[in-house]
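User: I would like to go through this structure with you, one question at a time. Please reason briefly before giving each value or name.

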Amino acid sequence: MSAFLARNRLIVLAYAGMVVLLLVTALFSPGFLSISNMRSTVVLAAFVGIVALGQTVVIIGGGIDLSVPWVLNSAAIVMALLCGGQDLPLVWVMPLLLAGGALIGLVNGVGVAQFGVPPIIMTLATNVILQGLILVLTGGSPTPSAPALIQFLSVGRIGGFPVIALIWLALTLAATLLLSKAAFGRHLYALGTSATVAEFSGVPTARTTILTYVISGLTAAFAGMLLTGYSGQAYLGMGDAYLFTSIAAVAIGGASILGGSGHYLGTVAGAMVLTILTGLLPALNLSSGALLVVYGAVILLTVSIGSETFSGLGGKLRGKAN
Amino acid sequence: MAMSVAERSVETKMQPPGIDWRGRVLDRAPFLVACLMLALIVAIYGSLQSGVFTLDEINLDTAAAMTLMLAATGQTIVLVRGGIDLSIGGMISLGTVIAATRFTDDPSTTALWMVIILALGFLIGAFNGLLISLLKLQPFLVTLATWSILNGIAMIILPTDGGSIPGWWVGFASAQLFGLTSPVWMLLALLMFWWWFRATGVGLTIQATGSNEKSAFLSGVSITRVNLVTYGLSGLFAAGAALFLVTQTGAGSPTIGKDYILPSVAAAVIGGVSLFGGRGHLAGTLIGAFVLTLIGNLVFVLHVSSYWQPVASGVILLLSVLASSVAEKAARNRVQ
């Protein structure tokens, strides 16, 4: 048990932070812990969490995905356009758009792994290209409303549980298996720790890198479709906030931005922390500007705890105690 | 895998002199590609629109590009150091809202606030550098966090776009000397600054640290001091960008800064600045900023939807990095 704690110190801390935050929020606004409020918090966190799944995998592999906002937005807009508010087309539209998200991820991954383009530039370029293409496609006008089935997936309930929370749970299980049990997971941590060592140890580094961006494209596109259901409509700019929140959730969840460490379970806590903070500030009568200040402070705090300086300090203290 | 820049340049010097010019051209390939792109854009633009090759047009385009150029100058210094600064977005927003709420018709009060904004920029940047050094944190995350904090403070000071900028300061951007407006003179000043700065002890130390942090440290360089100055300068230039930006918009905006974060990186990369540190020249960045700005003009004269502009800038960005990576590979092959 103590070995587990030592290895996953940052993830445990993220959950501890989440619980403390929940209690503090409940103190300031007593209704916060009610079933209905927790339900809506989890639903909002699920969107961040699903986008951040791909971001987590990419960051563990030593990269970063800045194309998330417009992959999400493109999937949302194209889905709304192709379905025209009808459920039936979803049968082919959903697989098509998931494939589209994977394709963008493939382009990102090939650029990074095969052509040596820095991830920041590669994904930034695909992001602005997608943004432009979607603007050209829509001419800047709003799109038809979301099909009822998608609305059910994002705001509906099964046995009292929000459907999207169940989807998120399933994705969390899948991601945990992928990272902790599958060969891909082992390759990924090796790649993120040192691409050179991984390459010489026989890890298929190019394939693993490409796969991380494909996963990120998939989750961003999926989240885009679900988010359309939540807001009832797809609109331009709906993905913009998710660049910051997806990276912040990963950082708060304890992953190093340099790659090689972290886990999706930490990101789940990170997504929850960010969403609870959003709920805390209205209770304290604080503006959205204050929310951004708090977001920044929380990121600084969590990455400081994870930094070498602090763990070195912790090590020294423990050494003295022993 | 990738050899450090310092090692490579040493080995390049050992090549026989006969093939040296090819090496030198290849090393500058990204910069040359940027020049070529700019020439191409200007040529197309000039053939479709009359009066492109006039002083008026140069004055106009430089004014349009100057905010990005100032922001990208700071970003170039950070990139040459081997870091990245996302917080400039927050600093630019903060600078514009302070300007829009504090500037008055009295020039001396306004001048005082300008000094305060610039000092704030340097101090906040230096704080970034300090955090990165003392806590051994990644520049990407530290500056992402301070971007959020600064943006939040800007929104608290001025929740929505507004405020006002005194007319005499707005007029600064169109003030002329020998037929050239102040932005053109600022452009020349930036080039002069770089020409001077890169040869100073500080400039050389920043570049050496970007090439190879470990050997810089072993040669007695204080990494903390390097980071302090690097990010401080980046903050200072971001504050300068904010002061110029308000002459263009005439108001403050708590959200406008984010539009300059990634374009500042893109301008530098298009101009051949390496994201791995140690390599790059401000002239390249300024050309990159012109390329990104003139694409807008081009889209306009080609009579296509302005929505094609981001597509074009993304494609140009990709072409530029591909040119860089081809040059890197060629350089590596030459060494082997």
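User: Over which residues of chain A does pLDDT stay under 50?

Analyst: This is a predicted model, and chain A averages a pLDDT of 86, with 93% of the residues scoring at least 70. Confidence in chain A is nevertheless lowest in helix H15 (residues 308–321), at a mean of 49, while helix H11 (residues 205–231) is highest at 93. The stretch in question has zero contacts beyond four places in sequence, and pLDDT stays under 50 there, over residues 314–322 of chain A.

User: What is the area buried between chain A and chain B?

Analyst: The two chains meet through 43 residues of chain A and 38 residues of chain B. Across their interface the rule finds zero salt bridges. Carbon and sulfur atoms give 84% of the area buried between the two chains, the total being about 3500 Å².

User: Which residues of chain A lose the most area to chain B?

Analyst: Together the residues asked for account for 15% of what the chain A side buries, and they are A:Ile121, A:Leu292 and A:Leu300.
The nonpolar surface patch of about 610 Å² draws on both chains, as A:Leu133 joins residues of chain B including B:Leu40 and B:Trp308.

User: Which helix gives the largest share of that nonpolar patch?

Analyst: A:Leu133, which lies in helix H6 (residues 119–138) of chain A, is partly exposed, with a relative accessible area of 38%. The largest share of the patch, however, is three residues, and these come from chain B, in helix H3 (residues 29–48).

Notes:
Residues are numbered from 1 along each chain as its sequence is written. Chains are lettered from A and ligands numbered from 1 in the order in which they are written. This is a predicted model: local features need pLDDT of at least 70, side-chain atom pairs count only at pLDDT 80 or more; totals for chains, interfaces and linings use all residues. Side-chain values use heavy atoms; hydrogens and water are left out. pLDDT is the predictor's confidence in each residue, from 0 to 100. Helices (H or I, at least four residues) and strands (E, at least two) are DSSP runs, numbered from the N terminus. Contact means heavy atoms within 4.5 Å. Patches are made of residues with over 30% relative accessible area and no salt bridge: like charges are joined within 9 Å, nonpolar side chains (Val, Leu, Ile, Met, Phe, Trp, Tyr) within 5 Å. Accessible areas come from the Shrake-Rupley method with a 1.4 Å probe; for residues, only the protein chains shown count as cover. A salt bridge is a side-chain nitrogen of Lys or Arg within 4 Å of a carboxyl oxygen of Asp or Glu. Buried means under 20% relative accessible area, exposed over 50%, partly exposed in between (1.4 Å probe, protein chains only). Buried area is the accessible area (1.4 Å probe) that two parts lose on being put together, summed over both.
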